[in-house]
Amino acid sequence: MAITAQDVNRLRQETGAGMMDCKKALTEANGDFEAAKDILRKAGQKIASKRADNATSEGVVLTQVSPDGTTGKVIALACETEPVSKVADFQSLAKAVLEAAVANNAATKEDLLATAQADGRTLQDHITDLMGKIGEKIDVVSYESVTADQVVAYNHSNGKLGVLVGLKNTNGTDVTEVGKDVAMQIAAMKPIALDKDGVDSATIEREIEIGKEQARAEGKPEAMLEKIAMGKLNKFYKENTLLNQEFVKDNSLSIAQLLDKTSKGLTVSEFKRISIG
């Protein structure tokens, strides 16, 4: 059957695929729209399979906090090259991913990708279809959620880094300003945990061994190695755990002291830092 320009445009509007791809799919499907959609989706699946091992070092990170300020979401949609990350369809897809995360309060990345969109397709279907159109691997590489007395979000100017900070013991006080300071601290200083209790045992053991080796190389007595290593471990905690880090805007204060000074008992319950590249 004859494939009209209207037919091609309708399929393009429904799938987001390119005009030539839509015409080719409709021709192959003898004008059957559903079959043409399947052909386009299979093209995306073929690209997804072929490029499954490709690195995705570009993309966008988006955050959103609920109107009541108690829940935040952060997503990272990644692709292979910077030009693709700037394409309107990719940017729109990233917003759709965030909207789906907020609307469905998805518990995991897998739940998020399985959520149905307005056209009945899942979010993963939309991602696969865009891969068929663009020809690159696209993936939701990170999805995190934070719930607390107050959640504050920060997006870095490059669009590839986002932070959520959950604050507790706010006592009804708006702590947005100090929350943004803490979020920017996290973005810049990359703490690995909230405090020393959040550092995994393997990291602690490795730092102790490194401390001992450094002291041994400096000619310190064997009997002193353990004590010296523990001193170095405490320095490690100060430099790498959020509440113990020096506040970058005022190094006379730790983050814990900054929060307590702002409002007695105020602290961070959790944080998430997501970046691409």
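Q: How many disulfides does a search of the whole structure find, and what makes a pair of cysteines count as one?
A: The search finds 0 disulfides. To be counted, a pair of cysteine sulfur atoms would have to lie within 2.5 Å.

Q: What kind of model is this, and which residues are used?
A: This is a predicted model, in which local features need pLDDT of at least 70 and side-chain atom pairs count only at pLDDT 80 or more, while totals for chains, interfaces and linings use all residues. Residues are numbered from 1 along each chain as its sequence is written, and side-chain values use heavy atoms, with hydrogens and water left out.

Q: Why are cysteine 22 and cysteine 79 given the labels they have?
A: The scale is relative accessible area: buried is under 20%, exposed is over 50%, and partly exposed is in between, using a 1.4 Å probe and protein chains only. Cysteine 22 has a value of 0%, so it is buried. Cysteine 79 also counts as buried, at 0%.

Q: How many helices and strands does the protein have, and what makes a stretch count as one?
A: There are 11 helices and 8 strands. Both are DSSP runs numbered from the N terminus: a helix is H or I over at least four residues, and a strand is E over at least two.

Q: Why is the protein described as spread out or compact?
A: Its radius of gyration is 25 Å, well over the 19 Å that the globule rule gives for 277 residues, so the protein is more spread out than a compact globule. That radius is taken over C-alpha atoms, and the rule is 2.2 Å times the number of residues to the power 0.38. Along the principal axes, the C-alpha atoms fill a box of roughly 85 × 50 × 25 Å.

Q: What share of the residues is buried, and what area does the protein expose?
A: Of the 277 residues, 43% count as buried. The exposed area is about 14,600 Å², with 49% of it supplied by carbon and sulfur atoms. Such areas come from the Shrake-Rupley method with a 1.4 Å probe, and for residues only the protein chains shown count as cover.

Q: What makes two residues a contact, and what share of the contacts joins residues at least 24 apart?
A: A contact means heavy atoms within 4.5 Å. Among contacts between residues at least 6 apart in sequence, 62% join residues at least 24 apart.

Q: Why is isoleucine 127 called buried or exposed?
A: Its relative accessibility is 1%, so isoleucine 127 counts as buried. This residue sits in helix α7 (residues 123-134). Beyond neighbours up to four places away in sequence, isoleucine 127 touches Leu93, Leu113, Ile138 and Val140.

Q: What about helix α9, where threonine 203 and alanine 217 are found: which labels do they get?
A: Threonine 203, in this helix of residues 201-217, has 9% relative accessibility and therefore counts as buried. Its contacts, leaving aside neighbours within four places in sequence, are Ile192 and Phe236. Alanine 217 has a relative accessible area of 70%, so the label there is exposed. The C-alpha atoms of alanine 217 and lysine 249 are 36 Å apart.

Q: Why is glutamine 257 given its label?
A: With a relative accessible area of 45%, glutamine 257 falls in the partly exposed class. Its place is helix α11 (residues 255-262). From glutamine 257 to alanine 107 the C-alpha separation is 33 Å.

Q: Why is lysine 86 called buried or exposed?
A: Its relative accessible area is 55%, so lysine 86 is exposed. It lies in helix α4 (residues 82-86), and its C-alpha is 37 Å from that of aspartate 250.

Q: What makes the phi angles of asparagine 171 and lysine 190 worth a look?
A: Most residues other than glycine have a negative phi. Asparagine 171 has a positive phi of about 55 degrees, and lysine 190 has a positive one near 50 degrees. Asparagine 171 is in the loop between β5 (161-168) and α8 (176-189), and counts as exposed at 60% relative accessibility. Lysine 190 is in the loop between α8 and α9, and is exposed at 53%.

Q: How far apart are the mean positions of the positive and negative charges, and what is counted?
A: The mean positions of the 35 positive and 41 negative charges are 3 Å apart. Lys and Arg count as positive and Asp and Glu as negative, with His and the chain ends not counted. Each charge is placed at NZ of Lys, CZ of Arg, CG of Asp or CD of Glu.
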